[in-house]
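Welcome! Here is a friendly first tour for anyone who has not met this structure before. Take a look at it, and then read on.

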Amino acid sequence: MSSGAVVYFKHTVVAVFAILLFYLVAFRGQQILQYIIPENSLSTRLDGSTQNEERMFTEQELLAYDGKASDLLYLVIMGQVYDVTKGIKHYGPGESYHMFIAHDASRSFVTGEFEQYSEELSDVSGLKDTELQQLLTWLEFYDKTYRYVGKLIGRYFDAHGQETSYRQHVLERAAKAKDADQEDRKYPSCNVEWKVEMGTRVWCTTRSGTGHERGWAGRPRKVIEVDGDTRSVQFCACVPDEETGTDPQYVPFPGCNETADTCIIPDQN
Ligand code: HEM
């Protein structure tokens with residue numbers, strides 16, 4: 001190769017790298033940072049406490065993260081903001097759960113109203129205590145699955161990030177429902193987690209269900225409970241070893257060994 005050709009080749013390589021670098025920094029900078037900065041490094045928990053810096057958003061500011069103004073998708077639940085960009089197939093524009101993006105539609109997590117956003121959807125005061133408990137399960141899901149970003153100023157947090165009395169009241173009602181739930185039950189409930197690639201996993205520990213140490217873990221068993229007059233709900237209970245098989249209402253999960261500590265329940269569709 002002549003020296004002219006070598007120089008030309010080098011310049012071309014440098015130019016291609018420069019263009020690539022510009023593209024990465026200009027358009028993908030924030031996404032790259034998400035890979036570099038570990039998940040949940042900015043985390044808040046259900047008690048509203050924070051470990052690191054967090055951002056406070058006004059409703060107007062949050063609109064910049066609707067997946068249209070930029071690639072980023074920020075979801076809000078009970079005033080807490082999560083970056084759900086990696087869940088674009090659920091939350092992207094036009095997808096089933098886009099309604100949860102860039103504004104607070106907490107109520108819809110329980111009622112399934114996904115069609116049209118309105119401000120009232122952030123108001124959960126009309127829900128039953130048990131439904132509020134269900135809502136908190138979603139909050140735990142986002143805490144575990146996505147990166148916490150900050151808080152939306154409004155119904156649940158003030159401009160300083162302090163929780164409002166409204167939020168405190170919601171948490172109290174949900175806690176009450178959880179306690180009542182456990183008192184009504186013959187056996188404590190299982191731990192539950194759901195992942196796209198796995199389905200639902202249920203398992204028992206010495207603290208599952210009650211949150212208090214009990215000296216035995218138990219085996220996961222399926223039980224069908226009737227909720228109200230018509231609706232039947234599948235539920236997972238931790239049955240102590242010596243009592244498994246004694247009550248026909250509590251049966252092993254299909255495809256899961258009777259003595260297993262953990263069962264995977266695949267999604268039905
Ligand atoms: C109150 C009602 C419902 C709510 C609030 C809800 C909410 C959600 C949310 C937020 C996700 C995404 C979770 C993530 O970030 O990974 C999701 C996923 C999913 N939902 Fe729902 N959902 C509801 C009802 C339903 C119903 C009735 C069905 C079935 C007909 C369903 C089927 C699914 C499936 C299959 C996925 C996973 C999709 C996939 O991974 O490709 N959902 N749901």
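The notes below go through the sheets, a helix, the ligand surroundings and a few backbone details.

This is a predicted model. Two open sheets are described here: one has four strands in the order 1-4-3-2, and another has three strands in the order 5-6-9. There is also a ligand, with eight residues around it.

**The four-stranded sheet**

- The pairing in the sheet with the order 1-4-3-2 is mixed.
- Strand 1 (55-57) and strand 2 are the edge strands; each has a single partner strand, so one side of each has no neighbour in the sheet.
- From one strand to the next, the twist averages 35°.
- Strand 1 and strand 4 (residues 147-152) run parallel and are joined by three bridges.
- Within this pair, Met56 has Lys151 of strand 4 opposite to it.
- Strand 2 and strand 3 (residues 80-83) run antiparallel, with four bridges between them.
- Tyr74 has Asp83 in strand 3 as its bridge partner.

**A closer look at strand 2 and its turn**

- Which way do the residues of strand 2 (residues 74-77) point? Tyr74 and Val76 point one way, while Leu75 and Ile77 point the other way.
- Tyr74, Leu75, Val76 and Ile77 are all buried.
- Strand 2 and strand 3 make a hairpin, and two residues lie between them.
- Met78 sits in that turn, in the loop between strand 2 and strand 3.
- The phi of Met78 is near 45°, which is a positive value in a residue other than glycine.
- Is Met78 buried or exposed? Met78 counts as buried because it has 27 C-beta neighbours inside 10 Å, and the cut-off for buried is 20 or more.

**The three-stranded sheet**

- In the sheet with the order 5-6-9, the pairing is antiparallel.
- Strand 5 and strand 9 stand at the edges with a single partner strand each, so one side of each is left without a neighbour in the sheet.
- On average, neighbouring strands of this sheet are turned by 20° against each other, direction ignored.
- Strand 5 (residues 191-195) and strand 6 (residues 199-203) run antiparallel, and five bridges join them.
- Three residues make the link in the hairpin that joins strand 5 to strand 6.
- Trp194 has Thr200 in strand 6 as its bridge partner.
- Strand 6 is also joined to strand 9 (residues 262-265), by four bridges, and these two strands run antiparallel.
- Here the bridge partner of Trp203 is Thr262 in strand 9.

**Helix 5**

- Helix 5 (residues 129-145) has 17 residues, and at 1.5 Å a residue it should span 24 Å. Its end C-alpha atoms are 25 Å apart, which agrees with that expectation.
- Which residues of helix 5 are buried? They are Leu132, Gln133, Leu135 and Tyr142.
- Seen down the axis of helix 5, the buried residues fall within an arc of 165°, so they line one face of the helix.
- Thr137 and Lys144 are exposed, on the other side of helix 5.

**Around the ligand**

- Of the eight residues around the ligand, the ones that come nearest are Gly87, His90, Tyr97, Gly112 and Val196.
- How many residues of each class are in the shell around the ligand? The shell has three nonpolar, four polar and one charged residues.
- Gly87, one of the nearest residues, lies in the loop between strand 3 and helix 3 (88-91).
- Gly87 is partly exposed, as 18 other C-beta atoms lie within 10 Å; partly exposed covers the range between the cut-offs of 12 or fewer for exposed and 20 or more for buried.
- Gly87 and Tyr97 are 10 residues apart in sequence, and their C-alpha atoms are 10.0 Å apart in space.

**Another positive phi**

- Ala102 is not a glycine, yet it has a positive phi of about 65°.
- Where is Ala102 found? Its place is the loop between helix 3 and helix 4 (108-111).
- Ala102 is buried, because 27 other C-beta atoms lie within 10 Å.

Methods: Residues numbered from 1 in each chain as written. Predicted model: local features only at pLDDT ≥ 70, side-chain atom pairs only at ≥ 80, totals over all residues. Expected span 1.5 Å × (residues − 1). Arc of directions from axis to C-beta. Near = placed C-beta within 6 Å. Nonpolar A, V, L, I, M, F, W, Y, C, P; charged D, E, K, R; others polar. Pairing = 2+ DSSP bridges. Axes fitted to C-alpha atoms, helices over the stretch in contact; angles between N-to-C directions.
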